[in-house]
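This report describes selected features of the model shown below. It treats salt bridges, helix packing and strand pairing in turn.

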Amino acid sequence: MNCRRFSRVSLLILVYLLAVPRLFADSVDDYLREQMNARHIPGLVLLVLKDGKVIKQQPYGLASVELGVPTRNDSVFPLASVTKVFTAIAVYLLVQEGKLHLDDKVTHLLPELPSTWSEITVLNCLSHTSGVSDIFPGSPVAAPADWIAADSPEEALKKAGAIPLLYKTGDKSSYNQTEFLLLKMIVEKLSGMSLEEFLSRRIFTPLGMASARFGDSLDIIPNRVALYMNFTPQADRFHVKRQPNGNGLPSPDGKLWNNINFLYPQYQHGGVGLNMSAGDLAAFDVALRNGGVLNRQTLELMWTPFRLNNGRDGEFAGGWDTDVLNSHRVVFHIGAGMVEYAHLLDPDLTVILFTNNQGFNPYRMTIDVMRFFVPEVEKRNN
């Protein structure tokens with residue numbers, strides 16, 4: 001009788017242990033499918049790591065609506081501004097090797113820059129606190145009215161340099177693309193190779209990140225998903241309708257449109273242009289966590305929020321956005337309002353959330369996914 005009772009209890013425990021992960025996984029799946037429907041997202045790939053191990057990896061929906069091709073775990077997505085994380089890594093590798101200092105003035109490293117930029121440091125560029133005018137990456141469809149269009153980095157910097165600083169260097173954080181053009185040029189000058197080659201030699205090839213490559217919508221990138229938007233085109237079809245705040249006007253019925261807005265010259269590759277699968281980004285994340293890219297001291301330095309002139313922490317650290325969620329620090333970056341790479345520092349949890357619908361902000365979805373695995377994390381109020 002005791003043996004039978006023990007067997008029944010063991011069977012119940014086994015059934016429970018088998019059921020819990022399935023129920024847990026289904027709750028994440030159900031949430032994401034609900035969000036995809038509400039936000040008109042055709043395709044999505046989610047990858048979650050805890051303590052350097054993959055605990056959730058799942059594709060959803062369609063990589064191509066026209067062809068009915070499903071999204072796969074190895075689907076390649078444009079990283080857009082998440083590219084900045086890798087440019088920052090290149091900078092910190094040079095810092096770690098003693099070839100560069102964060103307080104180096106950019107005009108000392110690049111003497112051709114305007115003298116009015118003489119107080120701007122490498123760290124100001126990494127933390128978006130320089131005050132320089134922005135060069136916008138993208139096609140005229142997405143560009144704001146004050147977009148600085150240029151055919152070369154020299155022309156872009158000449159135009160940006162002709163505009164007075166928008167604020168005193170270090171006074172505030174203001175997201176900017178010009179700064180990452182400067183960082184690209186600095187990496188190339190000190191390393192003697194292009195940024196693309198530097199990243200390939202130092203990170204992509206050693207880590208086996210075969211999908212990582214630069215290119216925009218005009219380039220053929222193997223396995224890349226089709227891109228969509230639900231912004232309403234203007235009658236000329238070259239531009240989208242705008243809200244009073246300048247953001248695109250979403251289609252009232254959620255209609256999707258083909259989107260080939262990812263167009264930018266090669267000189268902007270410091271801030272945009274990388275394409276990658278979620279799995280390859282996860283391989284990078286594991287190496288970053290385990291000291292395979294930067295040592296612990298340099299990693300902590302990179303993730304330290306910039307201290308503004310008023311003594312408060314700025315919005316950004318060294319190439320990463322930062323936030324505090326119910327006393328838990330998170331560093332992250334969002335690309336084109338459609339992909340996100342977020343790392344919760346304590347406990348150690350990474351969420352990679354890739355979609356192919358440009359324009360919505362994936363931050364809330366990413367934090368909600370974190371809460372399934374770390375319930376004490378709370379969303380911020382805004």
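Glutamate 97 is partly exposed in this predicted model, its relative accessibility being 33%. Its salt-bridge partner is arginine 202, with the closest N and O atoms 2.4 Å apart. Glutamate 97 belongs to the loop between helix H2 (83-96) and helix H3 (106-109), whereas arginine 202 is part of helix H7 (residues 195-204), so the salt bridge ties together parts that lie 105 residues apart in sequence. Arginine 202 is likewise partly exposed, at a relative accessible area of 35%. The pair also belongs to a network of salt bridges that links Glu97, Lys99 and Arg202. In general, side chains of opposite charge can pair when their charged atoms come close.

A search of the whole structure yields eleven salt bridges. Three of them are set out in the table.

| Salt bridge | N to O distance | Relative accessibility |
|---|---|---|
| Arginine 202 and glutamate 97 | 2.4 Å | Arginine 202, 35%; glutamate 97, 33% |
| Glutamate 197 and arginine 201 | 2.5 Å | Glutamate 197, 31%; arginine 201, 55% |
| Arginine 296 and glutamate 300 | 3.2 Å | Arginine 296, 45%; glutamate 300, 34% |

Helix H7 also contains the salt bridge between glutamate 197 and arginine 201. These two residues are four positions apart in H7, so about one helical turn separates them. Arginine 201 is exposed, while glutamate 197 is partly exposed. In helix H9 (residues 296-302), arginine 296 and glutamate 300 are also four residues apart, and about one helical turn lies between them. Both ends of this salt bridge are partly exposed, arginine 296 at 45% and glutamate 300 at 34%.

Helix packing is considered next. Helix H6 (residues 178-191) meets helix H2, the two axes coming within 10 Å and crossing at roughly 40°. That angle makes H2 oblique to H6, and the crossing is left-handed. On the H2 side the contact involves Lys84, Thr87, Ala88, Ala90, Val91 and Leu94; H6 contributes Phe180, Leu183, Lys184, Val187 and Leu190.

Helix H6 also packs with helix H5 (residues 153-161), where the axes come within 11 Å and cross at roughly 135°. H5 is therefore oblique to H6. This crossing, too, is left-handed. Pro153, Ala156, Leu157 and Ala160 of H5 make the contact with Thr178, Leu181, Leu182 and Met185 of H6.

The strands include an open sheet of seven, in the order S3-S2-S1-S12-S11-S10-S9, with antiparallel pairing. Strand S3 (69-70) and strand S9 (321-325) stand at the edges; each has a single partner strand, so one side of each lacks a neighbour in the sheet. Within the sheet, strand S11 (residues 339-344) pairs with strand S12 (residues 349-355) through six bridges in the antiparallel sense. Tyrosine 341 lies opposite isoleucine 352 of S12.

Two helices pack on this sheet. Helix H8 (residues 278-289) touches strand S1 (43-50), S11 and S12, and its direction makes about 20° with that of S1. Helix H10 (residues 363-373) touches S1, strand S2 (53-64), S9, strand S10 (328-335), S11 and S12, and its direction makes about 140° with that of S12. Strands S1, S11 and S12 are thus touched by H8 and also by H10.

Which strands pair with S8? Strand S4 (residues 76-78) does so in the antiparallel sense over three bridges, with phenylalanine 77 opposite methionine 276 of S8. Strand S5 (residues 213-214) is joined to S8 by two bridges and also runs antiparallel to it; here phenylalanine 214 has leucine 274 of S8 as its bridge partner.

In a regular strand the side chains alternate between the two faces of the sheet. Strand S8 (residues 274-277) is covered on both faces. Leu274 and Met276 are buried on one side, and Asn275 and Ser277 are buried on the other. The bridge partners leucine 274 and methionine 276 thus lie on one side of S8.

Conventions. Residues numbered from 1 in each chain as written. Predicted model: local features only at pLDDT ≥ 70, side-chain atom pairs only at ≥ 80, totals over all residues. Heavy atoms only, no water. Pairing = 2+ DSSP bridges. Contact = heavy atoms within 4.5 Å. Axes fitted to C-alpha atoms, helices over the stretch in contact; angles between N-to-C directions. Salt bridge = Lys/Arg side-chain N within 4 Å of Asp/Glu carboxyl O. Buried < 20%, exposed > 50% of the residue type's maximum accessible area, 1.4 Å probe, protein only. Parallel < 35°, antiparallel > 145°, perpendicular 65-115°, else oblique. Left-handed = near helix turned anticlockwise from the far one by under 90°.
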